[in-house]
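User: Please take a close look at how the strands are arranged here, and walk me through that part in one go. I would like to see how it fits with the rest of the model.

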Number of protein chains: 2
Amino acid sequence: MIDIGSAARAAKATTRSLAALPGRIKDQVLKDAASRIRASESELLEANARDVQGASQGGATSALLDRLRLDPQRIAAVAKTVESIAVLPDPIGHVESMSRRPNGLSVGRMRVPLGLVAIVYESRPNVTAEAAALCFKSGNAALLRGGKEALHSNRVLARAFTDALTSAGLDAAAVTFVDGTDRDGVRTLARLSGVVDLLIPRGGEGLIRFVVENATVPVIQHFKGVCHVYVDRDADLSMAEAIALNAKVQRPGVCNAMETLLVDAEVAGTFLPPLVRAMRERNVELRGCERSRALVDSLSLATEEDWDTEYLDLILSIRVVDGIDGAMDHIAAHGSHHTEAIVTRHHARAQRFVREVDASLVLVNASTRFNDGFELGLGAEMGISTTKLHAYGAMGLEELCARKWIAMGDGHTR
Amino acid sequence: MIDIGSAARAAKATTRSLAALPGRIKDQVLKDAASRIRASESELLEANARDVQGASQGGATSALLDRLRLDPQRIAAVAKTVESIAVLPDPIGHVESMSRRPNGLSVGRMRVPLGLVAIVYESRPNVTAEAAALCFKSGNAALLRGGKEALHSNRVLARAFTDALTSAGLDAAAVTFVDGTDRDGVRTLARLSGVVDLLIPRGGEGLIRFVVENATVPVIQHFKGVCHVYVDRDADLSMAEAIALNAKVQRPGVCNAMETLLVDAEVAGTFLPPLVRAMRERNVELRGCERSRALVDSLSLATEEDWDTEYLDLILSIRVVDGIDGAMDHIAAHGSHHTEAIVTRHHARAQRFVREVDASLVLVNASTRFNDGFELGLGAEMGISTTKLHAYGAMGLEELCARKWIAMGDGHTR
């Protein structure tokens with residue numbers, strides 16, 4: 001097995017030529033990789049079957065098995081995502097706000113790659129292809145360290161990229177896949193200062209805490225989402241119900257699903273009884289604060305722990321609050337800087353919520369489920385950062401770049 | 001003495017209200033702080049005299065004493081900088097690129113503060129006032145940990161801000177100054193995940209390495225500058241000489257001064273002899289590669305170590321290279337991602353240098369000395385980041401902010 005430090009250094013060695021690679025060539029390689037993914041369908045299904053069998057024998061949950069499993073439709077979707085990244089505009093070399101200083105020096109900022117981006121992730125094999133494509137498109141070398149469950153699937157997917165690179169006469173180390181199950185490898189990676197330019201851990205809280213605790217390289221966290229919908233006294237209550245239902249049940253297992261519903265005491269008596277019925281019809285388990293329990297029958301009591309829990313499941317906690325200040329206090333105390341929504345017709349309160357709530361996406365009259373790179377118009381995404389530095393929220397190609405300053409003079413001196 | 005962890009938590013507790021503070025109030029506080037700095041001139045001179053005396057007795061170098069020393073002119077300059085920051089536009093709340101998605105959801109990005117910014121620095125007392133002003137203007141709480149040499153001066157400067165805050169009815173913990181000489185305090189600060197949102201170490205290599213090695217919080221490094229000027233075969237040689245002289249001698253002790261001159265072999269025979277004479281007239285000690293020594297009399301030999309050294313002094317190393325590729329190879333091997341300049345009349349080579357050289361500022365036909373927030377138009381600066389993530393190069397108010405996503409819907413669900 002290859003040493004992760006050597007693999008990272010080999011990947012890093014490709015960054016200078018990658019940064020100068022014309023967009024046309026990058027796009028060709030990505031389209032070729034997509035074709036190779038399609039062409040390897042049967043091999044990929046076979047490899048994936050081994051992964052699923054192994055995980056199943058290892059006692060994996062059905063949720064993990066679902067994330068792990070590939071079928072012809074999912075394979076086609078992965079190939080299509082890679083192609084959709086190929087056709088996005090090249091982010092590299094884009095010059096912003098070039099302007100002249102009073103002394104005649106022209107000053108601007110040019111987008112450049114970060115260098116070597118390392119991604120440590122868990123069971124979803126599609127991350128291998130999407131992360132590889134996003135990094136390559138943005139001129140970065142990628143070091144991908146997938147989870148042990150998806151090992152065989154990941155190898156086949158990674159080979160689509162390395163073969164496409166080799167076939168274009170490029171260094172295959174630009175997309176380097178390493179497998180391993182030990183934390184030692186992650187620790188090594190996290191301490192390769194000067195080699196790894198950015199480390200993105202994607203996975204459970206344990207993995208992310210381990211990386212943050214051990215890293216000397218820059219890290220962008222994709223942390224948990226304890227997302228709220230706040231129903232204001234001036235909400236359109238039927239809109240509020242539709243948004244709450246969508247935020248909770250459309251896909252409860254993802255980070256932008258709502259975990260806690262906050263309701264202004266002024267409308268809780270009207271809003272909650274039908275909302276609770278609608279949630280129960282959709283098999284949502286409900287836990288409420290004392291004030292909501294006084295308004296609705298047989299609501300189990302939410303504990304302090306509930307307010308900080310990302311259920312990722314058909315469970316919802318409900319809290320009656322005193323207006324927008326109560327809602328914002330609750331969010332400041334229990335939110336995870338991920339996604340927060342207000343439902344209201346009141347302009348000033350909508351504006352205040354947007355300004356004052358500290359989250360990677362703050363919405364007015366829309367479901368928390370919109371915190372997603374595709375929905376926000378990025379074309380593709382690397383995930384949702386809850387780190388404020390560099391990228392806050394959905395990370396697209398731009399967030400995989402840095403901006404350097406450039407200046408054009410005519411013999412300028414100080 | 002106050003515990004640094006408690007001080008940081010108290011500062012952090014002010015961030016929510018700071019983020020919502022109207023620009024008008026922030027500007028009043030900063031103008032008041034500037035007045036208080038001016039009014040405390042005699043007290044400040046006295047405190048500074050104690051610092052200078054202590055440092056001098058401790059055997060400080062003349063360069064350190066110069067950085068440490070305040071006089072009425074420098075005090076006035078500090079107050080003026082604080083005022084100039086007050087009149088900059090408020091960065092907070094600025095909304096970028098609001099646009100509608102095909103489904104009618106309006107999506108944009110809003111600038112918000114980072115939260116608590118901690119700055120660990122060394123002997124310059126003006127950093128206390130400038131960092132406090134930049135953080136406060138950008139809605140951040142500031143935790144300032146200055147060097148022991150400047151302790152008394154720093155205390156007086158910090159009090160100008162805390163008094164201005166208190167007098168405006170605001171929590172003085174928004175600008176918290178802590179002093180200490182031990183690395184333990186820095187280590188504690190660097191590991192306050194969830195409290196310190198950004199840590200900026202400014203100082204020597206030892207301090208920065210210590211912080212990076214120990215930090216679990218996000219760090220932006222302000223590292224050394226091994227800056228180059230490359231004189232291309234198509235350079236205007238008199239312009240090249242003027243730029244090289246300016247880059248080396250105008251202020252040799254700063255990070256954007258040139259340390260190594262690279263000269264295209266095609267013009268080295270013409271360019272170097274007069275350049276060497278001009279440098280010697282300015283008392284610059286010169287060290288050259290073998291090829292440059294063959295062209296110029298009595299040049300001492302540069303060692304491999306010279307190419308990686310930030311002299312911060314009137315010393316220059318000179319290397320003859322084979323064209324732009326030779327120059328870019330040297331910079332890739334020995335540069336510090338700080339500031340790199342090319343002198344040329346050749347358009348395509350200028351473009352190539354700008355695109356391919358990886359540095360926080362790349363210049364054409366201008367001195368490296370322009371890598372400075374004021375010169376680049378930021379109005380003020382927190383320093384020059386050599387970290388690629390979040391801020392690369394001169395950091396102004398914008399770089400002390402994050403951008404959150406905002407979205408306005410009309411009952412949007414997925």
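Analyst: One definition to begin with: the domain bounds used below come from an automatic or database domain assignment. Please also keep in mind that this is a predicted model.

With that in hand, chain A divides into domain 1, covering 4-220 + 395-408, and domain 2, covering 227-370. Taken over C-alpha atoms, the centres of domain 1 of chain A and domain 2 of chain A are separated by 35 Å. Chain A holds 16 helices and 16 strands, and its C-alpha trace spans about 70 × 70 × 35 Å along the principal axes. Its radius of gyration is 24 Å, which agrees with the value near 22 Å for a compact globule of 414 residues. Buried residues account for 55% of the 414 residues in chain A. If you count contacts in chain A between residues at least 6 apart in sequence, 72% of them join residues at least 24 apart.

Now to the part you asked about. An open sheet of 10 strands, with mixed pairing, draws on both chains. Its order is 1(A)-2(A)-16(A)-13(B)-12(B)-7(B)-8(B)-11(B)-9(B)-10(B). Strand 1 (95-100) of chain A and strand 10 (300-301) of chain B stand at the edges; each has a single partner strand, so one side of each is left without a neighbour in the sheet.

Let us walk across, starting at the chain A edge. Strand 1 of chain A is joined to strand 2 of chain A by four bridges, and the two run antiparallel. Here A:Val95 stands opposite A:Met110. Further along comes the crossing from one chain to the other: strand 16 of chain A runs parallel to strand 13 (residues 361-366) of chain B, with five bridges between them. A:Ala407 has B:Leu363 as its bridge partner there.

That crossing belongs to a wider contact, to which chain A and chain B each give 60 residues. On the side of chain A that touches chain B, the elements supplying at least two residues each include helix 2 (15-19), helix 10 (205-214), helix 11 (237-249) and helix 16 (347-356). Strand 2 (106-113), strand 13 (361-366), strand 15 (393-394) and strand 16 (401-412) of chain A are also among them. Strand 16 of chain A gives the most to this side, with 11 residues. By class, the chain A side has 30 nonpolar, 17 polar and 13 charged residues.

How are the two copies placed relative to one another? A turn of 180° and a shift of 0.0 Å along the axis lays chain A on chain B with an RMSD of 0.1 Å. The two copies are thus related as by a two-fold rotation axis. A:His390 comes closest to that axis among the residues of chain A, with its C-alpha at 1.9 Å. Both copies use the same surface, as 100% of the contact residues of chain A recur in chain B.

Back in the sheet, let us carry on to the chain B edge. Strand 9 of chain B pairs in the parallel sense with strand 11 (residues 315-321) of chain B over four bridges, and B:Glu285 stands opposite B:Ile315. Strand 9 of chain B also pairs with strand 10 of chain B in the parallel sense, over two bridges. In that pair, B:Arg287 stands opposite B:Ser300.

Finally, one residue at this end deserves a look. B:Val284 is found in the loop between helix 12 (265-281) and strand 9 (285-288) of chain B. Is B:Val284 buried or partly exposed? It has 18 other C-beta atoms within 10 Å, so B:Val284 is partly exposed, given that 20 or more would be needed for a residue to be buried. Leaving aside neighbours within four places in sequence, B:Val284 is in contact with B:Lys248, B:Val249, B:Met279, B:Leu314, B:Ile315 and B:Leu316. B:Lys248 is 36 residues away along the chain, yet its C-alpha atom and that of B:Val284 are separated by 8.4 Å.

Definitions and conventions:
Residues are numbered from 1 along each chain as its sequence is written. Chains are lettered from A and ligands numbered from 1 in the order in which they are written. This is a predicted model: local features need pLDDT of at least 70, side-chain atom pairs count only at pLDDT 80 or more; totals for chains, interfaces and linings use all residues. Two residues are in contact if their C-beta atoms, placed from the backbone, lie within 7 Å. Ala, Val, Leu, Ile, Met, Phe, Trp, Tyr, Cys and Pro count as nonpolar, Asp, Glu, Lys and Arg as charged, and the others, Gly among them, as polar. Two strands pair if DSSP finds at least two bridges between them. Copies are superposed by least squares on the C-alpha atoms of residues with pLDDT of at least 70 in both. The radius of gyration is taken over C-alpha atoms; the globule rule is 2.2 Å times the number of residues to the power 0.38. A residue is buried if 20 or more other C-beta atoms lie within 10 Å of its own, exposed if 12 or fewer, and partly exposed in between; C-beta atoms are placed from the backbone.
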